[in-house]
Amino acid sequence: MTAIASAAAIRKSPALRGLPVQPTKMPRLKSFTPIECPMCRRRTKTPEIDIVIEYYRVPPCEENVLRAVWKGKGRAVQTEQIFCAMYASDPDGGPSPDRMYRAFKALLHNLRVRLAGSGITIENVGYRAGYRLVIGEMVNG
């Protein structure tokens with residue numbers, strides 16, 4: 001960066017000129033419902049996938065879906081990646097795409113019902129964009 005470019009940046013930026021800067025309004029998140037660690041019995045505020053799976057008794061088929069979406073860390077995970085996780089142990093790669101999608105939708109519904117009220121959910125990002133993990137809810141204000 002040249003001296004002229006850095007001087008121009010200082011003139012444009014209120015923070016660099018010492019002027020008060022309006023704070024950005026970030027949405028507040030309600031934390032998820034704290035759950036008890038199965039090992040040490042302490043309440044945890046930061047969920048770990050293994051604790052969530054054990055606490056909510058997530059069956060293996062739903063666990064595969066949850067783990068696939070959890071790996072996305074809040075970013076969209078394509079449906080095909082979730083299918084691969086669902087049928088990773090199947091030597092044939094699973095059923096037809098139509099049956100795979102119907103099975104996935106049923107598992108997703110059951111998983112959402114199981115995790116309802118916990119503050120952990122899986123939401124649809126958009127047409128062909130996939131699904132993402134959401135921990136906490138948006139709060140207005």
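Here is a short chat about the salt bridges of this predicted model.

Colleague: Hi! How many salt bridges does the structure hold?

Modeller: Happy to help! In this predicted model, local features need pLDDT of at least 70 and side-chain atom pairs count only at pLDDT 80 or more, while totals for chains, interfaces and linings use all residues. Residues are numbered from 1 along each chain as its sequence is written, and side-chain values use heavy atoms, with hydrogens and water left out. Taking a salt bridge as a side-chain nitrogen of Lys or Arg within 4 Å of a carboxyl oxygen of Asp or Glu, the structure holds five.

Colleague: Nice. Which residues do salt bridges with shared partners join into one network?

Modeller: Arg67 meets Asp50 at 2.6 Å, N to O. Arg67 also pairs with Glu63, where the closest N and O atoms are 2.8 Å apart. The shared partners make one network of Asp50, Glu63 and Arg67.

Colleague: And Arg114 with Glu62: how far apart in sequence are the parts that this pair ties together?

Modeller: The closest N and O atoms of Arg114 and Glu62 are 3.0 Å apart. Arg114 lies in helix α5 (residues 97-114) and Glu62 in helix α3; helices here are DSSP runs of H or I, at least four residues, numbered from the N terminus. The pair therefore ties together parts separated in sequence by 52 residues.

Colleague: Is Glu62 buried or exposed?

Modeller: With a 1.4 Å probe and protein chains only, buried means under 20% relative accessible area, exposed over 50%, and partly exposed in between. Its partner Arg114, at 32%, is partly exposed. Glu62 has a relative accessible area of 4%, so Glu62 is buried.

Technical notes:
Helices (H or I, at least four residues) and strands (E, at least two) are DSSP runs, numbered from the N terminus.
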